[in-house]
Amino acid sequence: MFVGKLSNTLINKWIKKAERFEARGDGDNLWLRYRSGDLNPRWFLRYSIGGQPRTLFLGSYRDISVPEARKKARKLRAEIALGHDVAHLKKDRVRAASERVLAERDGLTVGALADNFYERYIAGRLKHPEIVRSWINNRIKPAIGSLPLVEVRPSHVDHFIRGVAKNAPTTSTKILGCLKQIFNYGVKLGRLPNNPASMFHAPDAGGKARSRTRWLSVEEIRSLYSAMAEAAGWTIQNDLSVRLLLMLAVRKSELVEARVQEFDLSASIWRIPAVRTKSEREISIPLPIQAVEALQKLVELGRGSEWLLPARKMQSRMVPYISADTINAALAKCVRPLMAPVDHFTLHDLRRTARTHLEALGVAPHVAERCLNHSIKGLIGVYNRYDYIDERREALQRWADFLDEAQASG
């Protein structure tokens, strides 16, 4: 066992030679350990309190040089001389310092933690994991993703969530909940001493979102079609997707995540499996002639992909189909600037638009509800299991023809 004065030169020589040891002393009970499992040599101070031996970890040699270790040991020995059990008193402080050093060494950021959280708890577990993936990629990472975990403060969370509430009030509370879970995961891993988002609640993120009532008038639909035709950078895939969302009144996720095998275009039917529907039951959607033509074009553009809307560029490393926000982002960037007089609307508002116009076209309310794949309410819905497939086919074809006429007259 080496006992005597250590030096940085001597220690570096041992590291270079990969010379491992259990303990080599510097004197005054300051010891250095370099086991086979240690990434770097580690400093320890040995002492006794009430006849009971104690060992206190001081830190890694990578972060604490020989002079710094001696200085730290002197201060601790002074407290020990006063009867203080520094291993107990300094436990939380030393642990926090160790975690900070580890986080800094690994370069663990909020974005990296969020990715780890997604892979461990979201991917393969949630029905729609792409929603959380979108929050992480498009909200959390651009705002605070580059922050090292050791630097995150409640003020960062406050600034972030207020920004989200301003731009996306309908999802801000959910994103706050997601962020809390991410930071809780960091606490569980020992990379954060506490959750910097724990004190924030729904009112801080805008509270409960109000139900939306927005729908597009005929004039606004014409404006949408006109803007899509003129927009630079607006792809054919985006154009056909928006038209299908409006024509079929389906949810965005149902279209974005669709596999080609779900479509029987010869029979003009789209069968969405139960695992992909909100109601968790299989849905059959009768397809108007215009929808069949649009879907045939998308299949051709997919070049043999099993997905109707396969991922573009590097998105495929996450999910095999396009991101949930791909069409939204393109709509906001390319199309919306050409629709200045039209009030803000979202892709989900297209479902409400279809429902409103279907009734205006004389479609019976219960058929219009089934066109949106809504269950019929009340006792009638319990006993009436008829799916109105023929009535829905007629209604959706009437709606598709109406859209063609609206575009032609624009």
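The exercises below deal with charged side chains in a predicted model.

**Exercise 1.** Determine how Arg243 and Asp239 are placed relative to one another, and whether each is buried or exposed.

Solution. Begin with the contact itself: Arg243 and Asp239 form a salt bridge in which the closest N and O atoms are 2.6 Å apart. Next, place the pair in the fold; both belong to helix H10 (residues 236–248), and because they are four residues apart, about one helical turn separates them. Finally, apply the cut-off for burial, which is under 20% relative accessible area: Arg243, at 19%, counts as buried, and Asp239, at 14%, counts as buried too.

**Exercise 2.** Describe the salt bridge between Glu306 and Arg259, and state which parts of the chain the pair links.

Solution. The side chains of Glu306 and Arg259 meet at 2.2 Å, N to O. This pair joins distant parts of the chain, 47 residues apart, with Glu306 in the loop between helix H12 (289–301) and helix H13 (326–335), and Arg259 in the loop between helix H11 (252–256) and strand E5 (263–264). As for accessibility, Glu306 is partly exposed at 47%, and Arg259 is partly exposed at 29%.

**Exercise 3.** Work out where Arg352 and Asp349 lie, and classify the accessibility of each.

Solution. Both residues are in helix H14 (residues 349–360), three residues apart, or about one turn of the helix. They form a salt bridge whose closest N and O atoms are 2.8 Å apart. Arg352 has 22% relative accessibility and therefore counts as partly exposed, whereas Asp349, at 0%, is buried.

Terms used
Residues are numbered from 1 along each chain as its sequence is written. This is a predicted model: local features need pLDDT of at least 70, side-chain atom pairs count only at pLDDT 80 or more; totals for chains, interfaces and linings use all residues. Side-chain values use heavy atoms; hydrogens and water are left out. A salt bridge is a side-chain nitrogen of Lys or Arg within 4 Å of a carboxyl oxygen of Asp or Glu. Helices (H or I, at least four residues) and strands (E, at least two) are DSSP runs, numbered from the N terminus. Buried means under 20% relative accessible area, exposed over 50%, partly exposed in between (1.4 Å probe, protein chains only).
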